[in-house]
Amino acid sequence: MFIAANWKMNLDKFSISEFCKNLHNYKFSPKVEACIFPSMPYMDYLNNLIKNLPISVGGQNCHYKPDGPFTGEVSPKFLVDNGCEYVIIGHSERRINGNESNNEIKLRAQLAVNSKLKVILCVGENATDREKGHALKFIEKQLLECLPNDFKSLIVAYEPVWSIGTGRIPNAFDINEMHMHIKKIVLNKSNKKIKVLYGGSVNVENINSILKITNVDGVLVGGASLKVKDFLAIYSAAVKHLNSSL
Ligand code: PGA
C-alpha cells in the first residue's frame with residue numbers, strides 16, 4: 001500500500017517545518033509506504049527533517065536530458081543527488097500547463113528509470129471522454145504512448161483530470177474497471193505486474209471507500225496532503241484497511 005503526497009506548488013519552509021513536527025510522535029507502519037513530493041527548492045530541507053522517519057521524498061517532475069541548456073527544468077540525476085527515491089511523471093498539470101506531450105513524457109519516464117528513480121506515471125481522461133464513454137480507450141492510448149520501453153518496476157497513478165481538485169470522484173466500479181484495464185495493458189505490453197494508485201480529490205471522508213476497491217494499491221493525494229492531520233488520517237486509514245483485510 002502506497003500513500004503519495006503531492007504538495008504541488010504549496011508549503012514554504014516554515015509550513016514544512018510545522019508539518020514535520022507533527023510526524024515525529026506518530027507510529028508509522030512498515031506495511032504502508034509513504035512519499036512526499038515537495039516543491040523543488042525544499043527537497044533537501046524536507047529530507048533532513050524526516051531523515052529518521054520511514055517516509056521518502058520525491059520529485060514532482062524531471063527532464064528527459066541528464067543536463068544541458070534547459071532553464072527551469074530539473075535533471076533526474078539531481079533528484080537522486082538530493083536523496084529522492086520517486087518521481088512523478090506526466091501529471092495532468094504538467095501536460096496542460098507545460099504542454100508536455102505523451103512522447104516527451106515517455107522520454108522523461110525512461111531517463112528517470114535509467115537514473116534509478118522509481119517512476120509514478122500519471123494518466124487520466126478529461127470529463128468529455130468520460131461522459132462519452134471513451135475513458136478506457138483514451139487511457140489505453142495515453143498509457144501506451146507514455147510507457148517507457150524498458151523498466152523493472154513502475155507505478156501508474158490513475159488521475160481523472162475532471163477529478164483533480166474538484167471534490168468529484170469516479171464511482172467504485174469505474175475506478176476498479178480502469179485500474180484493472182491499466183494493469184492488463186502494462187502486463188500485455190511489458191510483461192510486468194504493476195501497482196496502480198488512485199488520485200483525484202482523495203480526502204479523509206472518501207479514503208476508506210477508495211481503499212476498499214479491489215485494484216487500488218494506494219493513493220496520490222494533493223490538497224488533503226497539505227494538512228498534517230489529514231495526511232496522517234489518510235495514512236492511518238491505509239494501515240487500518242490492511243490490518244482488517246488480513
Ligand atoms: P487533489 O490532487 O487530491 O488535490 O485532487 C491530486 C493530484 O493532482 O495529484
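Which residues is lysine 195 in contact with, leaving aside its neighbours within four places in sequence? Hi everyone, let's start there. The answer is Leu154, Ile155, Val156 and Asp217. Please keep in mind that this is a predicted model.

So where are we? Lysine 195 sits in strand β7, which covers residues 195-199. Its relative accessibility is 39%, so lysine 195 counts as partly exposed. Here is a nice pair of numbers for it: lysine 195 and serine 153 are 42 residues apart in sequence, and their C-alpha atoms are 9.0 Å apart in space.

Let's follow one of those contacts, isoleucine 155. This residue belongs to strand β6, residues 155-158. Is isoleucine 155 buried or exposed? It counts as buried, because its relative accessibility is 10%, and the cut-off for buried is under 20%. Not counting residues up to four places away in sequence, isoleucine 155 touches Tyr86, Val119, Ile120, Leu121, Lys195 and Leu197. Now take another isoleucine, number 50: it is 105 residues from isoleucine 155 along the chain, and the two C-alpha atoms are separated by 23 Å.

Next, the loops on either side of β7. Before the strand, asparagine 191 lies in the loop between α8 (172-190) and β7. After it, serine 201 is in the loop between β7 and α9 (207-211). A little background helps here: most residues other than glycine have a negative phi. Asparagine 191 is not a glycine, yet its phi is positive, about 60°. Serine 201, also not a glycine, has a positive phi of about 60° too. What about their surroundings? Asparagine 191 has a relative accessible area of 66%, so it is exposed. Serine 201, at 15%, is buried.

Now let's move to helix α1, residues 13-21. Its buried residues are Ile16, Ser17, Phe19 and Cys20. Looking down the axis of α1, you find these buried residues within an arc of 160°, so they line one face of the helix. The general idea is worth remembering: an α-helix has 3.6 residues a turn, so residues three or four places apart point the same way. On the face of α1 turned away from the buried side, we meet the exposed residues Phe14 and Lys21. And what covers the buried residues of α1? The cover includes β2 (33-37), α2 (43-49) and α10 (228-244).

Phe19 brings us to aromatic rings. The structure holds eight aromatic pairs. One of them joins tryptophan 7 and phenylalanine 19 edge-to-face, with 4.9 Å from centre to centre and 70° between the planes. Tryptophan 7 comes from the loop between β1 (2-6) and α1, while phenylalanine 19 is in α1 itself, twelve residues apart. Both tryptophan 7 and phenylalanine 19 are buried. Ring pairs also bring in a third member, linking Trp7, Phe19 and Phe231 into a cluster.

One last stop: two helices that meet. The axes of α5 (residues 102-114) and α7 (residues 135-146) come within 7 Å and cross at roughly 45°. That crossing makes α5 oblique to α7. On the α5 side, the residues in this contact are Asn102, Asn103, Ile105, Lys106 and Ala109, and they meet Gln142, Glu145 and Cys146 in α7. By type, the residues of this contact divide into three nonpolar, three polar and two charged.

That's my tour. Thanks for listening!

How values were computed. Residues are numbered from 1 along each chain as its sequence is written. This is a predicted model: local features need pLDDT of at least 70, side-chain atom pairs count only at pLDDT 80 or more; totals for chains, interfaces and linings use all residues. Side-chain values use heavy atoms; hydrogens and water are left out. Axes are lines fitted to C-alpha atoms, for helices over the stretch in contact, and angles run from 0 to 180 degrees between N-to-C directions. Helices (H or I, at least four residues) and strands (E, at least two) are DSSP runs, numbered from the N terminus. Angles under 35 degrees count as roughly parallel, over 145 as roughly antiparallel, 65 to 115 as roughly perpendicular and the rest as oblique. Contact means heavy atoms within 4.5 Å. Ala, Val, Leu, Ile, Met, Phe, Trp, Tyr, Cys and Pro count as nonpolar, Asp, Glu, Lys and Arg as charged, and the others, Gly among them, as polar. Buried means under 20% relative accessible area, exposed over 50%, partly exposed in between (1.4 Å probe, protein chains only). The arc is that of the directions from the helix axis to the C-beta atoms. Rings of Phe, Tyr and Trp (its six-membered ring) pair if their centres lie within 6.5 Å; planes under 30 degrees apart count as stacked, over 60 as edge-to-face and the rest as tilted.
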